[in-house]
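Here is my note on the model you sent. Please read it with the coordinates open.

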Amino acid sequence: MGVQFIIMNIGILGAGWIARKLTEAVAPLPDIDIYAIASRDGDRAHAFAREYQIPVAYEGYEALVSDPKVDLVYIATPHSHHYAHAHLALEHGKPVLVEKAFTANAQQAKELIDYAHRRHLFITEAIWTRYMPLSHKISDLLNSGIIGEPRVLTATLCYNMEHKERILRPDLCGGALLDLGVYVLNFARMYFGTDIVKTVSNCHLGDTKMDMMEAISLSYRDGKMANLQAGALTLNDRQGLISGTEGYIRVDNINCPECIEVYRDYQLVERITKPATMINGYEYEVIECKRCLDAGLTESPMMPHAETIAIMQQMDTLRAQWGVTYPFD
């Protein structure tokens, strides 16, 4: 068994939008608190702390990861900084929850996970869909045979983000892939597995040579196919569809599943909606972190380290095909 926290104190590195979402998710939880917030801008950290009634605010990250009262560090900085900031937390003996995409590339992911293993410290990727109850329900439905043998999967996730700095700038690991494509790739891996024998893709590059729209087709050894689309230039329906020999499952919003519909012979036979108790969806990854730390685990079975590394490798390969590079490559 690990350390049994009565209250698990989280320290957040970065005071941007995603830090706000996690803070709002944790607020109602009885056994988890946001204890500290840190930003390079001290005024921003203190303003964040006042707004959310967080006890401690730090200018800079070193002080937060050195605070003995911090039980888990959440990395909410840009992709480009995940490796350095997660490594800093691990150096100070802190378990870490790293926002997706885990790092800039697979090499960074391997190094970070290897270092955590050597220190016997917990680390996991905050790809929130991996921890959600509805995501697990999809697996249960597929395993039940309700749609027969699953053979084709489609997933799409697009937002109009073409003017956001984190999308445009190579030094921030920009582009749609690490921000949005990571979700469609995870969706395919969760339900169709890893035995991919062929990948075909197409990509539109923007003015800064970052990927702005992409289409990815995966072929599996057993004959299944997955067709995926992600992009930062449009709004779309964010739908997932898993088709089998006897029916299909439609997922409303693969990014944060709202509803699952099961069809047989084109007739709706089951409809499952998100739990009424769900806050905003980010709470599940934090609850899983506490469960893992209480149990003395160094990785979560919901998002194994091998999966994190494999998806980073998959994205490295796609970027190489498209000519999308970061300073960290």
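The points below go from overall form to the core.

1. Status. This is a predicted model. Please read each point below with that in mind.

2. Fold content and form. The protein contains 10 helices and 14 strands. Its radius of gyration is 20 Å, close to the 20 Å from the globule rule for 329 residues, so the protein is as compact as a globular protein of that length. The C-alpha trace spans about 55 × 45 × 35 Å along its principal axes.

3. Contacts across the sequence. Take the contacts between residues at least 6 apart in sequence: 67% of them join residues at least 24 apart.

4. Burial and surface. How many of the 329 residues count as buried? The share is 56%. The exposed area is about 13900 Å². Carbon and sulfur atoms supply 51% of that area.

5. Charge. There are 41 negative side chains and 30 positive ones. The centres of the two sets lie 1 Å apart.

6. Nonpolar core. The largest nonpolar core has 116 residues. Which of them touch the most other members? They are Ile-10, Leu-153 and Leu-228. Helix H8 (residues 177-192) gives this core its largest share, 11 residues.

7. Around Leu-228. Set aside the neighbours within four places in sequence. Leu-228 then contacts Leu-153 and Ala-155. Val-184, Leu-185 and Ala-188 are also in contact with Leu-228. So are Glu-214, Ala-215, Ile-216 and Leu-218. Leu-153, one of these partners, is itself among the residues that touch the most other core members.

Technical notes: Residues are numbered from 1 along each chain as its sequence is written. This is a predicted model: local features need pLDDT of at least 70, side-chain atom pairs count only at pLDDT 80 or more; totals for chains, interfaces and linings use all residues. Side-chain values use heavy atoms; hydrogens and water are left out. Helices (H or I, at least four residues) and strands (E, at least two) are DSSP runs, numbered from the N terminus. The radius of gyration is taken over C-alpha atoms; the globule rule is 2.2 Å times the number of residues to the power 0.38. Buried means under 20% relative accessible area, exposed over 50%, partly exposed in between (1.4 Å probe, protein chains only). Contact means heavy atoms within 4.5 Å. Accessible areas come from the Shrake-Rupley method with a 1.4 Å probe; for residues, only the protein chains shown count as cover. Lys and Arg count as positive and Asp and Glu as negative; His and the chain ends are not counted. The place of a charge is taken as NZ of Lys, CZ of Arg, CG of Asp or CD of Glu. A nonpolar core is a set of buried Ala, Val, Leu, Ile, Met, Phe, Trp, Tyr and Cys residues joined through side-chain atoms within 4.5 Å.
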